[in-house]
Amino acid sequence: MAMTKSEKIWMNGQFVAWDDAKVHVLSHVLHYGSSVFEGIRCYHTKQGPAIFRLGEHIERLAYSTKIYRMKMPFTTEQIERACIETVSVNQLQECYIRPLVYRGYSHVGVNPIGTPIDVMVAAYPWGKYLGDDALNKGVSVKIGTWARMAPNTLPAMAKAGGNYLNSQLLKLEAVEDGYAEAIALDVHGYVSEGSGENLFLVVKGELVTPPMHNSILAGITRASVLQLARELGYNVREMVIPRELLYVADEAFFTGTAVEVTPITAVDRLPVGNGDVGPVTKAIQQAFFGIVKGDLPDRHGWLTKVPRSVAAAIAKA
């Protein structure tokens, strides 16, 4: 998916031109994957651009930095403000926001002590992660041959750059084999998640999803769907899911910032249910997109509006 440039990127408290946002080739992050990040969507609504669950995303970013013992040089409030300002400065109505905290240039060695902690926020236009038709028609996926990280190897709760080497192996294998995405199993052979998505199944009208101890990221869209599904009257359960339940489920779908709520219509070339997008998935999609696009009331306070005056205020500063 080609990236569309925006004009400015926020780096360590200052805006720089997109093409000038650079790091040294001997920065620690390039050699050891020592970064944590977030992916956040900003939606175009009738009231203007609105960022989805900004506070929760930056809170998770702070948790990730704590787990990896990275002392952030900015407060969570400052980074939230940077996200809002970056959207505004670039005059974006709808976009993807990428905050990144990383170990910068100091020395090369596994020991990260003494490396500077740098922070950047980028925002740029971004389309549908798994293709333009994925939300309406669903995607075909495979069970990956690479397992998710075992407990006490890497912290799955941290959204860390190094963790996504595992995701890249899963994604590359899936694409090369003709699938849109992969589903990973955990070290015990139970269902974990996609390469960059959480997973839900519908089994006899009940919504089920793997729990935290199956090496999943605590997804913010996942939490939103759990809440919306209960409000819609569905019985929702976190449970250990054996691989074979993927083949006999009535419906399946991914959730995440990138995929939003994307139906899965086939697993290992076996149709999920009748091979079409199911009614539960459609109902959850409608509830989710109704809120994030501003067509339904934001009853949970999930949207942070981007004031039109922010860019002008920054320009005067």
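**Notebook: surface patch, strand β6, aromatic pairs, cysteines**

Entry 1, surface patch. I looked for nonpolar side chains on the surface and found a patch made of V23, V25, L26, L30, Y32, Y105, V108 and V110, with about 770 Å² of accessible area together. I note here that the model is a predicted one. I then placed one member of the patch, V23, in the loop between β2 (14–17) and α1 (28–32). Is V23 buried, partly exposed or exposed? V23 has a relative accessible area of 40%, so I entered this residue as partly exposed.

Entry 2, strand β6. I went to β6, which spans residues 95–103, and checked its cover. Seven of the nine residues in β6 are buried, and I logged the strand as mostly covered. Next I listed bridges to other strands. Strand β3 (residues 35–37) runs antiparallel to β6, and three bridges join them. Within this pairing I looked up F37, and its bridge partner in β6 is L100. Strand β4 (residues 40–45) is also antiparallel to β6, again with three bridges. Here R41 stands opposite Y96 of β6. How many bridges join β6 to β7? I found eight, with β7 covering residues 117–124 and the two strands running antiparallel. For R103 I recorded I117 as the bridge partner in β7.

Entry 3, aromatic pairs. I counted aromatic pairs in the structure and got 10. One that I opened is W10 with F74: the ring centres are 5.1 Å apart and the planes stand at 65 degrees, and because an angle over 60 counts as edge-to-face, I filed the pair under that class. What does this pair tie together? W10 lies in strand β1 (residues 8–11) and F74 in the loop between α2 (54–67) and α3 (76–89), so the contact ties together parts that are 64 residues apart in sequence. I checked the cover of both residues. W10 has a relative accessible area of 5% and is buried. F74 is buried too, at 18%; the cut-off for buried is under 20%.

I then opened F52 and F288, a pair that is edge-to-face, with 5.5 Å centre to centre and 80 degrees between the planes. F52 sits in strand β5 (residues 48–52) and F288 in helix α8 (residues 279–292), and I noted that the pair links distant parts of the chain, 236 residues apart. Both F52 and F288 are buried.

I also looked up the aromatic cluster that contains Y96. W18, Y96, Y124, W126 and Y129 form one cluster. Y96 is the β6 residue that I had entered opposite R41.

Entry 4, cysteines. I searched for disulfides and found zero. C83 is in none, and the nearest cysteine sulfur, that of C95, is 9.6 Å away. Is C83 buried or exposed? Its relative accessibility is 0%, so I counted C83 as buried. I repeated the check for C95, which is in no disulfide either; for C95 the nearest cysteine sulfur is that of C42, at 4.4 Å. Why does that sulfur pair not count as a disulfide? The cut-off is within 2.5 Å, and the sulfurs of C95 and C42 are 4.4 Å apart, so the pair does not qualify. C95 counts as buried, at 1% relative accessibility.

How values were computed:
Residues are numbered from 1 along each chain as its sequence is written. This is a predicted model: local features need pLDDT of at least 70, side-chain atom pairs count only at pLDDT 80 or more; totals for chains, interfaces and linings use all residues. Side-chain values use heavy atoms; hydrogens and water are left out. Buried means under 20% relative accessible area, exposed over 50%, partly exposed in between (1.4 Å probe, protein chains only). Helices (H or I, at least four residues) and strands (E, at least two) are DSSP runs, numbered from the N terminus. Two strands pair if DSSP finds at least two bridges between them. Rings of Phe, Tyr and Trp (its six-membered ring) pair if their centres lie within 6.5 Å; planes under 30 degrees apart count as stacked, over 60 as edge-to-face and the rest as tilted. Patches are made of residues with over 30% relative accessible area and no salt bridge: like charges are joined within 9 Å, nonpolar side chains (Val, Leu, Ile, Met, Phe, Trp, Tyr) within 5 Å. Accessible areas come from the Shrake-Rupley method with a 1.4 Å probe; for residues, only the protein chains shown count as cover. A salt bridge is a side-chain nitrogen of Lys or Arg within 4 Å of a carboxyl oxygen of Asp or Glu.
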